[in-house]
Amino acid sequence: MTTVFVVVRIGCIECGVSSDVIGVYDTREEADKVCEAQPSTWDTEGGQGYHFVAERVIGVTHPNKYAHSSEEE
């Protein structure tokens with residue numbers, strides 16, 4: 001199980017500002033630094049948007065309790 005930190009930009013559909021994954025980082029400190037360094041979407045795309053860091057755990061499987069094989073039918 002590994003934790004990563006994803007820097008994301010959420011745009012505005014009305015303003016035409018895009019939403020993007022900026023990057024994936026191993027430490028919160030690195031992700032925070034990159035997030036804070038992102039330019040304002042008003043300056044780059046002329047509309048409203050914001051950046052944030054999302055913490056995600058990878059390497060964990062969650063079985064789908066609704067999945068079944070064709071042999072069960």
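Contact here means heavy atoms within 4.5 Å. The legends below describe a predicted model.

**Figure 1. Overall arrangement of the predicted protein model, with 2 helices and 3 strands.** Read from the N terminus, the elements follow the order β-β-α-α-β. Of the 73 residues in the protein, 23% are buried. The exposed area is about 5,600 Å², of which carbon and sulfur atoms supply 51%. Among the contacts between residues at least 6 apart in sequence, 53% join residues at least 24 apart.

**Figure 2. Close-up of the open sheet, whose 3 strands are ordered E2-E1-E3.** The pairing is antiparallel. Strand E2 (20-25) and strand E3 (50-58) are the edge strands, each of them pairing on one side only. From one strand to the next, the twist averages 25°. Strand E1 (residues 2-10) and E2 run antiparallel and are joined by 5 bridges. Val-7 has Gly-23 in E2 as its bridge partner. Helix H1 (residues 28-36) packs on this sheet and touches E1, E2 and E3. The direction of H1 makes about 160° with that of E3. As a general point, strands of a sheet pair through backbone hydrogen bonds, in either a parallel or an antiparallel manner.

**Figure 3. Close-up of the largest nonpolar core, which comprises 6 residues.** The members of this core are Phe-5, Val-7, Tyr-25, Ala-31, Cys-35 and Val-53. E1 and H1 each supply at least two residues of the core. Nonpolar side chains in soluble globular proteins tend to be buried together. Within the view, Tyr-25 is in contact with Val-4, Phe-5, Val-7, Glu-30, Ala-31 and Val-34, leaving aside its neighbours within four places in sequence. Among these contacts of Tyr-25 are Phe-5, Val-7 and Ala-31, which also belong to the core.

**Figure 4. Close-up of His-51 in strand E3.** The relative accessible area of His-51 is 18%, so this residue is buried; the cut-off for that class is under 20%. When residues up to four places away in sequence are not counted, His-51 touches Val-8, Arg-9, Ile-22, Cys-35, Gln-38, Pro-39 and Thr-41. One of these residues, Cys-35, is also a member of the largest nonpolar core.

**Figure 5. Close-up of Cys-12 and Cys-15, with a sulfur separation of 3.1 Å.** The cysteine sulfur closest to that of Cys-12 is in Cys-15, and the one closest to that of Cys-15 is in Cys-12. A disulfide requires sulfur atoms within 2.5 Å, so the 3.1 Å separation is too far for a bond. A search of the whole structure accordingly lists 0 disulfides. Cys-12 counts as buried, at 15% relative accessibility, whereas Cys-15 is partly exposed, with a relative accessible area of 36%.

**Figure 6. Close-up of Ile-58, a residue of strand E3.** Ile-58 counts as partly exposed because its relative accessibility is 43%, and that class lies between the 20% and 50% cut-offs. Ile-58 touches Met-1, Thr-2 and Val-4, with residues up to four places away in sequence not counted. Although Ile-58 and Val-4 are 54 residues apart along the chain, their C-alpha atoms are separated by 7.4 Å. Val-4 is also one of the residues in contact with Tyr-25.

Conventions:
Residues numbered from 1 in each chain as written. Predicted model: local features only at pLDDT ≥ 70, side-chain atom pairs only at ≥ 80, totals over all residues. Heavy atoms only, no water. Helix = DSSP H or I, 4+ residues; strand = E, 2+ residues; numbered from the N terminus. Buried < 20%, exposed > 50% of the residue type's maximum accessible area, 1.4 Å probe, protein only. Areas by Shrake-Rupley, 256 points an atom, 1.4 Å probe, with all protein chains shown as cover. Pairing = 2+ DSSP bridges. Axes fitted to C-alpha atoms, helices over the stretch in contact; angles between N-to-C directions. Core = buried A, V, L, I, M, F, W, Y, C linked by side-chain atoms within 4.5 Å.
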